[in-house]
Amino acid sequence: MPGLLVSTANPGLFVWVFVGASGRTFTWRRDDSKHPVDDVPGAAAQVARFVTGQAGQLNGSADDHFD
């Protein structure tokens with residue numbers, strides 16, 4: 001499945017973003033972080049906030065990221 005590899009502040013730690021099985025959402029983390037594919041700028045901003053907000057601790061709860 002094609003995806004986008006997003007770098008984090010921690011070398012060697014990345015977030016994969018891909019189009020979900022429905023084809024309607026960008027999905028990252030454990031399938032619990034999603035954004036509609038028809039809003040690419042909004043999805044990019046949400047992924048960026050998630051990566052920045054996690055401060056390299058990407059195994060935390062998805063509820064801890066910013067929506």
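**Exercise 1. Locate Arg24 in this predicted model and determine whether it is buried or exposed.**

Solution. Begin with the position along the chain: Arg24 belongs to the loop that links S2 and S3. Next, consider its accessibility. The relative accessible area of Arg24 is 60%, and a residue counts as exposed over 50%. Arg24 is therefore exposed.

Then examine its surroundings. With neighbours within four places in sequence left aside, Arg24 is in contact with His35, Pro36 and Val37. For one of these, Pro36, a C-alpha separation can be given: 5.8 Å from Arg24, although the two residues are 12 apart along the chain.

Finally, turn to the hairpin of S2 and S3. There are 5 residues between its strands, and Gly23 adopts a positive phi near 80 degrees.

**Exercise 2. State which elements make up the chain and in what order they run.**

Solution. First, count the elements: the secondary structure consists of 1 helix and 4 strands. Second, read them from the N terminus, which gives β-β-β-β-α.

**Exercise 3. Describe the sheet, and explain why one side of S1 and of S4 is left without a neighbour.**

Solution. Start from the strand order. The sheet is open, its 4 strands are arranged S1-S2-S3-S4, and the pairing is antiparallel. In this order, strand S1 (4–7) and strand S4 (33–36) occupy the edges; each has a single partner strand, so one side of each lacks a neighbour in the sheet. From one strand to the next, the twist averages 25 degrees.

Now take the pairs that involve S3. The antiparallel strands S2 and S3 are joined by 3 bridges. In this pairing, Val19 has Phe26 as its bridge partner, and Val17 stands opposite Trp28. Between S3 and S4, also antiparallel, there are 4 bridges. Here Phe26 is opposite His35, while Thr25 has Pro36 as its bridge partner.

**Exercise 4. Determine which way the residues of S3 point, and which residues form the covered face of S4.**

Solution. The general principle comes first: side chains in a regular strand alternate between the two faces of the sheet. In S3, Thr25 and Thr27 point one way, and Phe26 and Trp28 point the other way. All of these residues are buried. In S4, the covered face holds Ser33 and His35, whereas Lys34 and Pro36 lie on the uncovered face.

**Exercise 5. Identify the residues of the largest nonpolar core and the element that gives the most to it.**

Solution. List the members first. The largest nonpolar core has 8 residues: Val15 and Val17, then Phe26 and Trp28, and further along Ala43, Val47, Phe50 and Val51. Next, assign the contributors: strand S2 (14–19), strand S3 (25–28) and helix H1 (40–54) each provide at least two residues of this core. H1 gives the most, with 4 residues. As general background, nonpolar side chains in soluble globular proteins tend to be buried together.

One core member may then be followed in detail. Beyond residues up to four places away in sequence, Val17 touches Gly3, Leu4, Val6, Phe26, Thr27, Trp28 and Val47.

**Exercise 6. Decide whether Gln46 is buried or exposed, and find the residue with which its side chain makes a polar contact.**

Solution. Gln46 is located in helix H1. Its relative accessibility is 7%, and buried means under 20%. Gln46 is therefore counted as buried. The side chain of Gln46 makes a polar contact of 2.5 Å with the side chain of His35. His35 has already appeared on the covered face of S4.

**Exercise 7. Determine where Pro2 lies and whether it is buried or exposed.**

Solution. Pro2 is in the segment before S1. Its relative accessible area is 74%, so Pro2 is exposed. The C-alpha atoms of Pro2 and Trp16 are 9.6 Å apart, with 14 residues separating the two along the chain.

**Exercise 8. State what share of the residues is buried and what area the chain exposes.**

Solution. Of the 67 residues in the chain, 33% are buried. The exposed area is about 4400 Å², of which carbon and sulfur atoms supply 58%. To complete the account, consider contacts between residues at least 6 apart in sequence: 24% of them join residues at least 24 apart.

Notes. Residues numbered from 1 in each chain as written. Predicted model: local features only at pLDDT ≥ 70, side-chain atom pairs only at ≥ 80, totals over all residues. Heavy atoms only, no water. Core = buried A, V, L, I, M, F, W, Y, C linked by side-chain atoms within 4.5 Å. Buried < 20%, exposed > 50% of the residue type's maximum accessible area, 1.4 Å probe, protein only. Contact = heavy atoms within 4.5 Å. Pairing = 2+ DSSP bridges. Axes fitted to C-alpha atoms, helices over the stretch in contact; angles between N-to-C directions. Areas by Shrake-Rupley, 256 points an atom, 1.4 Å probe, with all protein chains shown as cover. Polar contact = N/O pair within 3.5 Å; in protein donor to acceptor, adjacent residues only side chain to side chain.
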